[in-house]
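Colleague: I am new to this structure. Please pick one part, look at it closely, and then show me how the rest fits around it.

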Amino acid sequence: MSIAINRINSTDRFLELGCGEHPVVHPHCLGGQDVAVDVRPCFNESGQQCIDFQMDMEQTPWPLADAEFDGLLSVFALEHCSYARVPAILQEALRVLKPGCKAVFAIPNTEAQLKWVQTHQDGWDGKPMFESASEVLF
């Protein structure tokens with residue numbers, strides 16, 4: 001998957017939720033103007049911290065100002081949250097976005113993942129089934 005962020009204005013600021021070690025945005029901690037957060041500490045290949053702060057997106061309200069961002073991105077993170085918390089998470093996403101701006105949440109195709117797991121019932125990469133399936137699903 002390839003994601004590109006096209007800034008309309010040079011002052012546009014983006015929020016990335018659950019960025020991990022490879023943020024798509026250009027976080028403040030790495031000299032950019034965006035904000036990257038994850039539930040755990042994250043460091044890039046050079047050993048630099050690549051998140052601006054730790055945050056569990058299920059814990060609302062988020063420590064961010066209203067209408068602070070021009071866009072929001074979350075790639076393969078929302079599925080790790082309780083489905084019961086998703087409405088509150090989406091409300092927070094709307095709250096921190098400027099009016100008319102967009103949030104993009106990429107989530108996996110769980111049906112396709114489960115079909116793949118079914119065809120590899122003995123596991124793969126030398127790992128037993130449960131460990132292999134867990135890696136595919138999470």
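Modeller: Start with helix 1. Pro-87, Gln-91 and Leu-94 are exposed there (over 50% relative accessible area, 1.4 Å probe, protein chains only). They sit on one side of the helix; turn to the other. Helix 1 runs over residues 86-96, and in it Ala-88, Ile-89, Glu-92, Ala-93 and Val-96 are buried (under 20%; anything between the two limits is partly exposed). Look down the helix axis: these buried residues fall within an arc of 145 degrees (taken from the directions from the axis to the C-beta atoms), so they line one face.

A word on the source. This is a predicted model, in which local features need pLDDT of at least 70 and side-chain atom pairs pLDDT 80 or more, while totals for chains, interfaces and linings use all residues. Residues are numbered from 1 along each chain as its sequence is written, and side-chain values use heavy atoms, without hydrogens or water.

What does the buried face of helix 1 pack against? Its partners are strand 1 (14-17), strand 4 (69-75) and strand 5 (97-106). Helices (H or I, at least four residues) and strands (E, at least two) are DSSP runs, numbered from the N terminus.

Now follow the face inward. The largest nonpolar core has 17 residues (buried Ala, Val, Leu, Ile, Met, Phe, Trp, Tyr and Cys, joined through side-chain atoms within 4.5 Å). Leu-15, Leu-17, Met-57, Trp-62, Phe-69, Leu-72 and Val-96 touch the most other members. At least two residues of this core come from each of strand 1, strand 2 (35-38), strand 4 and helix 1. Helix 1 gives the most, three residues.

Take Phe-69 as a way in. Leave aside neighbours within four places in sequence. Phe-69 is then in contact (heavy atoms within 4.5 Å) with Arg-13, Phe-14, Leu-15, Val-35, Leu-64, Val-96, Leu-97, Lys-98 and Cys-101. Val-96, on that list, is also one of the buried residues of helix 1. Another core lies apart, with seven residues, among them Cys-19, Val-25, Cys-42 and Ile-51.

Next, a polar residue. Asp-34 sits in the loop between strand 1 and strand 2. Asp-34 is buried, at 0% relative accessible area. Residues up to four places away in sequence aside, Asp-34 touches Arg-7, Asp-12, Arg-13, Phe-14, Val-25, His-26, Pro-27, His-28 and Asp-52. Arg-13 and Phe-14 appear here and among the contacts of Phe-69.

Three backbone details follow. The peptide bond from Thr-60 to Pro-61 is cis, with omega near 0 degrees. Pro-61 is in the loop between strand 3 (53-54) and strand 4. Ala-67 is in the loop between strand 3 and strand 4 too. Its phi is near 50 degrees, positive although Ala-67 is not a glycine. Ala-67 is partly exposed, at 34%. Phe-76 also has a positive phi, near 55 degrees. Phe-76 belongs to the loop between strand 4 and helix 1, and its relative accessible area of 38% makes it partly exposed.

Last, step back. The chain holds three helices and five strands, in the order β-β-β-β-α-β-α-α. Its C-alpha trace spans about 50 × 35 × 25 Å along the principal axes. Of its 138 residues, 35% are buried. Take the contacts between residues at least 6 apart in sequence: 47% of them join residues at least 24 apart.
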